[in-house]
Amino acid sequence: MASGTLYAIPNDFRTFKVLIAAQYSGAHVKLADFVFGETNKSEEFLKKFPLGKVPAFLTNDGKSLVESNAIAYFVGNQQLRGNDAVEQAQVIQWSDFSEGIILPISSRLVFPLLGIMPFNKQTADSSRDELKSALGFLNEYLLTRTYLVGERITLADIVVSATLLQLYTHVLDNQFRKPFQNVNRWFTTVINQPEVKAVIGDFKICEKATEFDGKKYAEFQGRANAAKEKKEKKQTQPKKDAPKKEKEAPPPEEELDPTEAALAAEPKSKDPFETLPKGTFNMDDYKRFYSNEDEAKLVPYFWEKFDKENYSIWLGEYKYNHELTQVFMSCNLISGMFQRLEKMRKQAFASVCLFGENNNSSISGIWVWRGQGLAFELSDDWKTDYDVYTWTKLDPNDEKTKKLVEQYFLWVGTDKEGRPFKEGKIFK
């Protein structure tokens, strides 16, 4: 079974491909702590991945892989790759269709709507015509088919549907998508598969297309220009006491993927926790302690440092344990939630555990975050998963709370129905 570490931008369609493939195969994919523009520019990262691009994947035996389709193929299984030579070729065919036809159209239509590129009516009109042509071809093909290859979901469905996500979010409104009923039916089928929903959550298709906002583009350009000037100034700044050199030709400008460019120039978003008192509990300090110290010290140190006035402890219990089947799929469900809460990590810590076995298990966890209220309600970006859990605020002075913290932090004991601890994941 494939296993390794994925370096990727959270909530990007390329990342989704890999994580969905892992959901189907049971591959153990660990998401690295990744900060775009920092992690992928580090010397350590560039030694493994010289292009500095993501997604990038490092197998547990030290082999490096890049490009989302290749990584998804690696972490997938036989069903996803195709059962014979013809099906495997068809999977490649649809992957090429996605990258060569759908993605360029999507970029030309969606990037202006996100403020990344200027709007050009002629380009938009021609791209819409190209999109209609591509969807028309796909619609006819799906007239008598449920999936793109064979009778079950393959990487072809995962790759093409993932590449269409932004179009279904910003462009394919009710009127535009109406002629392509077969495509809509297929897309809806794919995104509602449990393995897909575990990664992308509940996806909402747009009812009204997003419109170009000139102000948003101007703001983006301002940030991009400021970032470029800062970079150029840093590159041309002479080192102190360095000998003068003959003037050299400037290096060629680095080409940046528009999605990456948006992330690079994006202003630091306001921290939803910013208005809450900081208190004395140092979350980063405890996370380092938890990762590096002996198990026997973890709980005493937590209670020694915990600030009950400004931080709170919550028990989250999954509501639909009766729907859980394979253990690995349930663990990937937890990982998917963690990924979608990436921007919450700075101010939160959690230990989420799975108890039981295949077809008889439960998910629950202890969460600690800044503030006394339910943290997920501070940001719309954090609401994807929280309503499938029952949340109970715990009293830090209660002995029952202290026993629960010990159980979940140390991964021991049983759930309420007596199922023994099986696996756990830490949000840190």
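## A buried tyrosine and its partner

Tyr311 is tucked away from the surface: it counts as buried, with a relative accessible area of 3%. Keep in mind that this is a predicted model. The ring of Tyr311 teams up with that of Phe281 in an edge-to-face pair, with 5.3 Å from centre to centre and 80° between the planes. What does this pair tie together? Phe281 sits in the loop between α12 (258-265) and α13 (283-292), while Tyr311 belongs to strand β5 (residues 311-318), so the pair links parts that are 30 residues apart in sequence. Phe281 is buried too, at a relative accessible area of 4%.

## More rings, and two charges over rings

Those two rings have company. Phe281 and Tyr311 belong to one aromatic cluster that also includes Tyr286, Phe289, Tyr290, Tyr301, Phe302, Trp303, Phe306, Phe349 and Phe409. Across the whole structure, a search turns up 47 aromatic pairs. One of them is formed by Trp367 and Phe376. Their ring centres are 5.8 Å apart and the planes meet at 75°, which is over the 60 degrees needed, so this pair is edge-to-face. Are these two residues buried or exposed? Trp367 is buried, with a relative accessible area of 2%, and Phe376 is buried as well, at 0%.

Some rings have a charge for a neighbour instead. The charged end of Arg81 sits over the ring of Tyr73, 5.1 Å from the ring centre. Arg145 does something similar with Tyr141, lying over its face at 3.9 Å from the centre of the ring.

## Two nonpolar cores

Now for the greasy parts. The largest nonpolar core has 56 residues, and the members touching the most others are Val75, Trp94, Leu131, Leu148, Leu164, Leu167 and Trp186. Which helices supply at least two residues each to this core? They are α1 (13-25), α3 (68-75), α5 (85-113), α6 (121-141), α7 (155-170), α9 (181-191) and α10 (194-200). There is also a second, separate core, with 26 residues, among them Phe273, Cys331, Met344 and Trp369.

Leu167 gives a taste of the contacts in the largest core. Leaving aside residues up to four places away in sequence, Leu167 touches Ile102, Ser106, Leu109, Val110, Leu131 and Leu172.

## A look at Ile20

Where is Ile20? This residue is part of helix α1, and it is buried, with a relative accessible area of 5%. Setting aside residues up to four places away in sequence, Ile20 touches Ile158, Glu195, Val196, Val199 and Ile200. There is a long-range relationship to look for as well: Ile20 and Asn332 are 312 residues apart along the chain, yet their C-alpha atoms are separated by 9.4 Å.

## The four-stranded sheet

In what order do the four strands of the open sheet line up? Going across, you meet β2, then β1, then β3 and then β4, with mixed pairing. At the edges are β2 (28-31) and β4 (64-66), each of which pairs on one side only. From one strand to the next, the twist averages 25°.

Zoom in on β1 (residues 3-7) and β2: these strands run parallel and are joined by four bridges. To find a spot where they meet, look for Thr5, whose bridge partner in β2 is Lys30.

Key
Residues numbered from 1 in each chain as written. Predicted model: local features only at pLDDT ≥ 70, side-chain atom pairs only at ≥ 80, totals over all residues. Heavy atoms only, no water. Core = buried A, V, L, I, M, F, W, Y, C linked by side-chain atoms within 4.5 Å. Buried < 20%, exposed > 50% of the residue type's maximum accessible area, 1.4 Å probe, protein only. Contact = heavy atoms within 4.5 Å. Pairing = 2+ DSSP bridges. Axes fitted to C-alpha atoms, helices over the stretch in contact; angles between N-to-C directions. Phe/Tyr/Trp six-rings, centres within 6.5 Å; stacked < 30°, edge-to-face > 60°. Lys NZ or Arg CZ within 6 Å of the ring centre and 35° of its normal.
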